[in-house]
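Me: I am new to reading protein models. Please show me one, and let me ask how each label is earned.

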Amino acid sequence: MPHARNRNPSPIPEVTWDTGLKEMNETWKGAIACLGVAVFFVMTIGIIYWQVVDQPNKNWILRGTLSGLIWERRTHSLVIQTLAEDKTYVEIDVGNVGNPDIEVPFVRNLCWLNKTEFCYTWDSVAEVKISLEVNEETETECYSMTWVPVHCHVELKDCFSMTNVSWYGGASVRGQTWPINDQNATMQPFVVSDLKNNPFGFGSALERYFLGSSGVAVLVSPDIPLQLGVDSRQQFCLQSLPSMERAPLQYTVCVANNVKAAHQEAVQQMYQHSRELPNMNALWLPFWKLLTNMDSGPKVERELRTFSNRLRRHQLGEGVISINEHSTTLLSDMDHDYLNSRKRGMSKRLTRDLPLVKLLNISITLSPFLGVDTTQFHTSLMDGTEAFWLSLPSAPQGQLIPVMSQWRGKFCVKLNITNPGAVSWFLDRVGSLQAHLGMEYVVLEGAEGNLFEEQALRPPQALGGDKYISLLADMATRIGDSTIVTAGTRSSHRPLFVRMTPLQSDWSPMGLKGIIPSLLHHTLLGYNFLIPDAVGGSLSGDLVTDEELFIRWLEITAFLPVISFHTPPWVCGEDRVLNLTRAYIAKHQRDVVPLIEKYADEWQMTGNPIYRPMWWLSPSDPMTFTIDDQFLIGDEVLVAPVLEKGAVQRDIYLPDGGFQWTDIRDAQVFDGGTFLQDYPVPLEDVAVFLRRS
């Protein structure tokens, strides 16, 4: 058998070959390992870069025809922009929900393939549902947002940016501004409070409605407990109240082509009721406040007759003389004595004098409060009608105990306006006064504040938040269309007058400069029929001694729905003030009232305010967004009063809308969009321009 040939007879080369291969394999393995680490490192850097830098910072959540809702990852904000992203309507910071340090994608729609709804669960803290409704006819789009806590004691908080947006609406405040960007308000319940007791609270006219100059309107659900805070020039925030019921945060954001269109859409959504006009005869009459500190009805009656005679002597025409609640009570007691005396046939003096009270045009003042030291209150405890007053049970199914509070320095109870018997008792009381005193106008004070919440008591469901004010407005409507209330919320459609918050007797934003911002705020919320604060201001209760302030104040109020006085013009002691008062009362009746009546019909039909900001005629002009010292009556009259002490000129901006303006004093004609610098306005005059088509 032949010997097999050895293919590698030398053992050394074999060994050499094996060793070299082994060394080469180890080298390649090291290189490959290094390469793998490098690739992994590059991939890690790439992923981080993609997440932090290259990944889109925006994710579209919903798209409409004109706009879309975007999720901003870095700022944890929801942003509504045009589809071309060339205009931002509003930016809403929602990073307060959940943990702001955790990256939340907020793009997984749990509403499946529904293109008009978006659902998401945020960090196991809250569920959000957003729905889009497009109105092609009005070219508006509305995003309804509902946040619901997943568990109890969660505070939901959404903040709306003020960057590049002027905001209006919300609530009246002391030192009202227009827009509200310059306001500061700590986070607090969004309800009407008495500004005398809570000067940093919200007062007078309040609606859950905010309007932005970018063409955005925010409408907050009316029946959910809510807090509001305003950080000057930065943002305003809506915050829910933590509760066992897991209260949601619910609001709708509507966007339109401009601020005027957004407001008109919001009005249609807010007010489903037909709008009713109050007694328009009141516009023709100045209101005069009778300053008395009398201790009996006959003395009040004597002062009324003396004051009425003085008005006639100074040729100030017919007006309404207003008396406070104390004087009303004294007159009411006098009326009671008079009736009893008539029955006994004893007092001829009262029989002679009381009809003279009935001949006077007076307004009385009432409130839903009743002193605990009165016979009426003690009688209610005896006859089982203690439920006429706001009460709480002493125990489950226990006896009702009236809740006490203070009103005008006295301990009182407050009318239970949810009790039909209590409302009937109050209306009967008003009817009795009306029959025996002959007054037409009734002022209802004291609706502000929530008696239960102020004392950390749990209110009945029917009286949570501002519901008392709405119910009082319903009762005021039953009294008559000449009734005046001191606060309004969800009641602008009622045929009532609303009295504006008292102002200081000075030139500051708390005084004269606060009139126009407050006027524009009220009318934007639908409260057009105003009883403005008295000429010269009435907050201190003192008479005004600054003649120039009196005149400049008079010039503004002559163009408002009603002229009211706290300081009689003869106090100034000069014929000039009296003559000017007569002239401006006549001007109000001749020129202003017919104009208000004309635009009142338009308000009834459309909801457009009677008194309008400058942007109403030029809603895309940024110059008009912050003008707080001019106003329009309808679309045809521009009023620009002087608000600076000692000034006889002022800057005026005439909005542009393809028309011209005529100065009524000298018939000068100016183009729209004109800025008039240092325009002369003498002390006894006010700048008024008429729009020319």
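Reply: Start with one term: buried means under 20% relative accessible area, exposed means over 50%, and partly exposed lies in between, with a 1.4 Å probe and protein chains only as cover. Trp-615 and Trp-616 are both buried. This is a predicted model, where local features need pLDDT of at least 70, side-chain atom pairs count only at pLDDT 80 or more, and totals for chains, interfaces and linings use all residues. Residues are numbered from 1 along each chain as its sequence is written, and side-chain values use heavy atoms, with hydrogens and water left out.

Me: What makes Trp-615 and Trp-616 a tilted pair?

Reply: Rings of Phe, Tyr and Trp (its six-membered ring) pair if their centres lie within 6.5 Å; planes under 30 degrees apart are stacked, over 60 edge-to-face, and the rest tilted. Trp-615 and Trp-616 have centres 6.1 Å apart and planes at 35°. The distance is within 6.5 Å and the angle is neither under 30 nor over 60, so the pair is tilted.

Me: Why is the pair of Phe-160 and Tyr-251 called edge-to-face?

Reply: The centres of Phe-160 and Tyr-251 are 5.5 Å apart, and the planes make 70°. That angle is over 60, so edge-to-face is the right label. By this rule the count comes to 25 aromatic pairs.

Me: How do you know that the pair of Phe-160 and Tyr-251 ties together parts that are apart in sequence?

Reply: Phe-160 lies in strand β8 (residues 157-161) and Tyr-251 in strand β15 (residues 249-255), so the linked parts are 91 residues apart in sequence. Strands (E, at least two residues) and helices (H or I, at least four) are DSSP runs, numbered from the N terminus. Phe-160 has 0% relative accessibility, so Phe-160 is buried. Tyr-251 has 1%, so Tyr-251 is buried too. Ring pairs also link a cluster, with Phe-160, Phe-202 and Tyr-251 among its members.

Me: Why is Phe-202 called buried?

Reply: Its relative accessible area is 3%, which is under 20%, so Phe-202 is buried. Phe-202 is found in the loop between β10 (185-189) and β11 (203-212). Contact means heavy atoms within 4.5 Å. Leaving aside neighbours within four places in sequence, the contacts of Phe-202 include Ala-171, Phe-190 and Leu-228. The C-alpha atoms of Phe-202 and Val-192 are separated by 5.2 Å, and these residues are 10 apart along the chain.

Me: Is Asn-361 buried or exposed?

Reply: Asn-361 has a relative accessible area of 18%. That value is under 20%, so Asn-361 counts as buried. Asn-361 is found in the loop between α5 (348-359) and β18 (362-366). Beyond neighbours within four places in sequence, Asn-361 is in contact with residues including Leu-285, Glu-318 and Tyr-441.

Me: What makes Ala-667 exposed?

Reply: The relative accessible area of Ala-667 is 52%, which is over 50%, so Ala-667 is exposed. Ala-667 lies in the loop between β33 (660-663) and β34 (669-671). Ala-667 has a positive phi of about 65°, although it is not a glycine.

Me: Is His-76 buried or exposed?

Reply: His-76 is at 6% relative accessibility, which is under 20%, so His-76 counts as buried. Phi of His-76 is near 55°, a positive value in a residue other than glycine. His-76 is found in the loop between β2 (67-72) and β3 (77-82).

Me: Why is helix α10 described as mostly covered?

Reply: α10 spans residues 515-524, and 10 of its 10 residues are buried. Among them are Ile-515, His-521 and Leu-524. After α10 comes Gly-526, whose phi is positive, near 100°.

Me: What makes Ile-596 buried?

Reply: Ile-596 has a relative accessible area of 0%, so under the 20% cut-off Ile-596 is buried. Ile-596 lies in helix α12 (residues 575-606). Not counting residues up to four places away in sequence, Ile-596 touches Leu-283, Leu-560, Pro-561, Ile-610 and Tyr-611. Ile-596 and Leu-560 are 36 residues apart in sequence and 8.8 Å apart in space, C-alpha to C-alpha.

Me: How many residues of the chain are buried, as a percentage?

Reply: Buried residues make up 52% of the 693 residues in the chain. The chain has 12 helices and 36 strands.
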